[in-house]
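Biologist: Could you take a close look at one part of this protein and walk me through it slowly, as you would for a student in a first year? I would like to start from a single residue and move outwards from there.

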Amino acid sequence: MQNIWLIVPLVIAIFIGWLLGRKSFSQEMKPASEGVLGRDYFIGLDHLLNEKTDAAIESFIRALEVNSETIPAHLALAKLFRRKGDVERAINIHQNLLARPDLSRQDSLRVQMALALDYDAVGLLDRTESLLKDIVKQNPPRETRRKALTVLTKLYEKEQEWHDALKTAQKLNPDETLDIRHECAHYYCELAEKSLKEQQYKEAADFTKQGLQLDPLSVRGSLLQSRIAIEQQQWKTAIRALRNVEKQNVKFVSETIKDLERCYSALQNRTEYEAYLLHCLSSAPSATVILALAEVIKDDRGVYAAGSFITDELKHRPSIKGFNRLIAMHIEHGSENARDSLKVLRSLIGTLETSKPRYLCQQCGFSGRALVWQCPSCKSWSTTKPIQGLEGE
């Protein structure tokens, strides 16, 4: 990373040198008392060679006159400051550029957009919102308008203003919403969650439906549909929503089993429940499916049949959850002599199971024991999934 911060100013220095050299070439030849590129430029190069990056950048800024050709260099330098965390200096560059009366409309929009990103980076969300709205009102070129509306949508996401985020996203052209359609589906789900807590079931169902229309593969949407139906004891509707998860993402089937068991029990239809578990055992195997099927076998054929089933499955798909349940069966129904030792073993494995995370973000590696739809670390949506393997499903 240290090398990167040396390379970037070097590239910028080369670009600035090209700009200044191009300008000097177009003018009449001048005495070379300070060189055609200017004294500040060579001072900047000297600082750069001595690894004084900040001093080099300051010299490059002084070497640049502000005109349409050098605006990209100023913006690049300001962007470098922002990425280094020195946002105040980036803001100063952008504000100084905007203060120039000879700035063209196109350059002014570019600088305003960059300044909005500065404000966003330091958490000045009110200023960011105001500036982005102002950019949109100026009827900018299509790409600038798209970028402004997209950043504004993400700003409302940060503030959890889901209605405003959706209204802003709807101002984009249909072909421009593809990049944020997935996020918008989650915004509808957030609104549905809120309505569900307030027992506004129809409103929650409408929001969920809109979210699924944007993203038909939304597991969260199907799980929400099932929760809304269960709250109203609409068991068949809930089952359809839960079974739809397998088509959307098989890794989340384990999240549906508990509610499916409740729904099928309410309908007194254990046969169909068992048939679905057997189907999942081949199409979406997991420790949760195995243990649920073991409970069905235990009810129908006894604990020994269930224990034998878990033992056979553990040979193919070992898991801490499976071992823990098998030990519990042996404690409950095994010999008296072995119970004390098995209780100690179960306590150790139980501690291991409860200490391990259950979910992992595929984007940044953040892990936890609760399923979250937006990663708390990298802020990505739907990247957190149940952990597979020995320590998970």
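Modeller: Let us start with Y359, which, once its neighbours within four places in sequence are set aside, is in contact with E255, F366, S367, G368, R369, A370, L371, T384, K385, P386 and I387. Please keep in mind throughout that this is a predicted model, and that what I describe is computed from its atoms.

Y359 itself is found in strand 1, which covers residues 359-361. With a relative accessible area of 4%, Y359 falls under the 20% limit and therefore counts as buried. One of its contacts can be described more closely, since the side chain of Y359 makes a polar contact with the side chain of E255, at 2.8 Å. The C-alpha atoms of Y359 and E393 are separated by 10.0 Å, although the two residues are 34 residues apart along the chain.

Among the residues that Y359 touches is T384, and this partner has its place in strand 3. T384 is buried too, with a relative accessible area of 3%. Leaving out residues up to four places away in sequence, T384 touches F252, Y359, L360, C361, L371, V372 and C375. L371 is thus listed among the contacts of Y359 and also among those of T384.

The loop between strand 2 (367-368) and strand 3 (384-386) holds W381, and this residue leads us to the aromatic rings. The structure holds five aromatic pairs. In one of them, the rings of W162 and Y187 have their centres 5.4 Å apart and their planes at 35°, and because this angle lies between 30 and 60 degrees, the pair is called tilted. This pair links distant parts of the chain, for W162 belongs to helix 9 (residues 162-169) and Y187 to helix 10 (residues 181-197), 25 residues apart. Both W162 and Y187 are buried. In another pair, the ring centres of Y187 and W381 are 6.3 Å apart and the planes stand at 75°, so the pair is edge-to-face. Here too distant parts of the chain are linked, with Y187 in helix 10 and W381 in the loop already mentioned, 194 residues apart. The relative accessible area of Y187 is 0%, while W381, also buried, has a value of 7%. Taken together, W162, Y187 and W381 form one aromatic cluster.

For a wider setting, the secondary structure of the protein chain comes to 19 helices and three strands, and of its 393 residues 43% count as buried. Of the contacts in the chain with a separation of 6 or more, 52% are accounted for by residues 24 or more positions apart. The accessible surface comes to about 21600 Å², of which 51% belongs to carbon and sulfur atoms.

Helix 6 (residues 105-121) can serve as an example of a helix in this chain: its 17 residues reach 24 Å from the first C-alpha to the last, close to the 24 Å expected at 1.5 Å a residue. Helix 6 is mostly covered, since twelve of its 17 residues are buried, including L109, V111, M113, L115 and Y119. The buried residues of helix 6 pack against helix 4 (71-84), helix 5 (87-98), helix 7 (125-137) and helix 8 (142-158). Just after helix 6, G123 takes a positive phi of about 80°.

Technical notes. Residues numbered from 1 in each chain as written. Predicted model: local features only at pLDDT ≥ 70, side-chain atom pairs only at ≥ 80, totals over all residues. Heavy atoms only, no water. Helix = DSSP H or I, 4+ residues; strand = E, 2+ residues; numbered from the N terminus. Buried < 20%, exposed > 50% of the residue type's maximum accessible area, 1.4 Å probe, protein only. Contact = heavy atoms within 4.5 Å. Areas by Shrake-Rupley, 256 points an atom, 1.4 Å probe, with all protein chains shown as cover. Phe/Tyr/Trp six-rings, centres within 6.5 Å; stacked < 30°, edge-to-face > 60°. Polar contact = N/O pair within 3.5 Å; in protein donor to acceptor, adjacent residues only side chain to side chain. Expected span 1.5 Å × (residues − 1).
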